[in-house]
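The following exercises concern enclosed space and ligand surroundings. Please work through each task before reading its solution.

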Amino acid sequence: MTAVGSYLPANIVTNEALSSFVDTDDAWIRRRTGISQRHLVADGETTADLANNAAIKALANAGLTGTDIDLIIVATTTPDNTFPSTATKLQNMIGAKGAIAFDVQAVCAGFVYALDIADAMLQSGRGRRALVVGAESFSKLLDWEDRTTCVLFGDGAGAVVLEVADNADAWGIRSSVLHSDGAYRDILYVDGGPSVNAAVGHVRMEGKEVFRHAVEKLASVMDEALGAANMQAHEIDWLVPHQANIRIIDAMQKKMGLPSDRVVRTVEQHANTSAASIPLALATAVGDGRIKNGDIIAMEAIGGGLVWGAALVKFGRP
Ligand code: UT7
């Protein structure tokens with residue numbers, strides 16, 4: 001993973017602003033989630049636009065252009081259209097003429113899923129450079145009359161560049177573990193879709209149940225990822241977790257025995273941006289100089305399905 005980039009829509013909606021049209025208040029949202037604001041797309045601004053802005057920055061930071069990219073995977077649950085994929089739209093926007101491009105749908109775990117797939121494809125010789133993007137206009141799935149969900153999410157995009165390098169054995173993705181369990185699909189889902197009712201639908205969630213699964217499953221998948229990389233938690237420089245709830249993030253920090261200042265937290269400013277949350281957090285911490293070349297980064301996420309996963313990465317290039 002040689003470079004990152006991110007983009008947030010200009011429109012910031014604070015908890016106070018939300019409280020003017022949703023039956024909620026700033027104190028509840030902060031106390032239960034750690035969120036104080038979220039960015040929301042403007043009219044006419046789409047997921048592909050967010051992805052494009054993030055991709056342009058990631059490519060510039062890698063010193064590359066679209067023509068250098070062999071593979072584009074966009075993790076999104078809020079594609080511009082049911083088809084074609086947002087990834088092919090992005091391909092055209094960045095001029096990655098020869099690339100393979102497709103979307104991955106694993107909701108909030110989409111970025112760790114897409115990363116694993118991209119790594120496997122590069123490892124198997126399907127190209128030398130991949131662009132992995134998490135991009136969401138999650139606000140388009142929200143029921144603004146349901147205060148138990150609408151206060152939690154935001155919009156944005158983050159992108160990373162993966163490059164195959166010679167003599168870089170210990171760099172890049174050191175381990176990646178993914179899981180799915182469709183038995184839990186009813187605790188977090190959207191009540192619409194092309195074949196169910198030809199509608200986009202709204203997010204429905206049993207928050208407490210999802211919370212319980214998150215704390216348990218993220219800790220156990222992180223243990224698996226550490227075991228697969230033959231590493232221990234204290235060797236991690238940065239935990240860059242999915243940003244759903246500060247209480248889940250703090251629980252993971254404690255379970256892993258990491259100092260608090262080794263955890264990247266962006267949920268306060270970004271809220272839960274689903275597949276975009278990890279690359280947005282990564283770009284924040286690389287941008288402000290916390291994450292440096294050669295640092296070991298641990299990532300984890302869980303989303304509707306349920307789907308969850310963790311990855312350990314040595315960031316940068318030798
Ligand atoms: O990214 C995918 C993964 N998603 C997650 O990880 C989300 C996991 N779940 C959570 O983060 C938390 O469960 C929530 C933040 C969604 C909810 O927090 P909670 O501590 O589990 O609260 P709750 O749902 O049990 O609700 C507690 C109270 C209820 O009132 P009563 O029944 O105790 O009188 C709710 O009606 O808070 C009330 N409430 C609200 N009050 C003000 C629920 N939403 C709101 C709200 N504003 N927005």
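Two exercises with worked solutions follow.

This is a predicted model, in which local features need pLDDT of at least 70, side-chain atom pairs count only at pLDDT 80 or more, and totals for chains, interfaces and linings use all residues. Residues are numbered from 1 along each chain as its sequence is written, and side-chain values use heavy atoms, without hydrogens and water.

**Exercise 1.** Determine which residues line the largest cavity.

*Solution.*
Step 1. On a 1 Å grid over the protein atoms alone, a cavity is a set of points where a 1.4 Å probe fits but cannot get out; lining residues have an atom within 4 Å of a point.
Step 2. The search of the whole structure yields one cavity of 30 Å³ or more; the volume of the largest cavity, meaning the space filled by probe spheres set on the points, is about 50 Å³.
Step 3. Its lining consists of L218, P241, H242, A244, I248, I249, M252, E300 and I302.
Step 4. The largest share of this lining, three residues, comes from α8.

**Exercise 2.** Identify the side chains in polar contact with oxygen atoms of the ligand.

*Solution.*
Step 1. A polar contact is a pair of N or O atoms within 3.5 Å.
Step 2. A polar side-chain atom of N245 lies 2.7 Å from a ligand oxygen atom.
Step 3. For the side chain of R247, an N or O atom is 3.1 Å from an oxygen atom of the ligand.
Step 4. For the side chain of N272, the corresponding value is 2.7 Å.

Definitions and conventions. On a 1 Å grid over the protein atoms alone, a cavity is a set of points where a 1.4 Å probe fits but cannot get out, and a pocket is an open set with protein on both sides within 12 Å along at least five of seven lines; lining residues have an atom within 4 Å of a point. Helices (H or I, at least four residues) and strands (E, at least two) are DSSP runs, numbered from the N terminus. A polar contact is a pair of N or O atoms within 3.5 Å; within protein, one must be able to donate a hydrogen and the other to accept it, and residues adjacent in sequence count only if both atoms are side-chain atoms.
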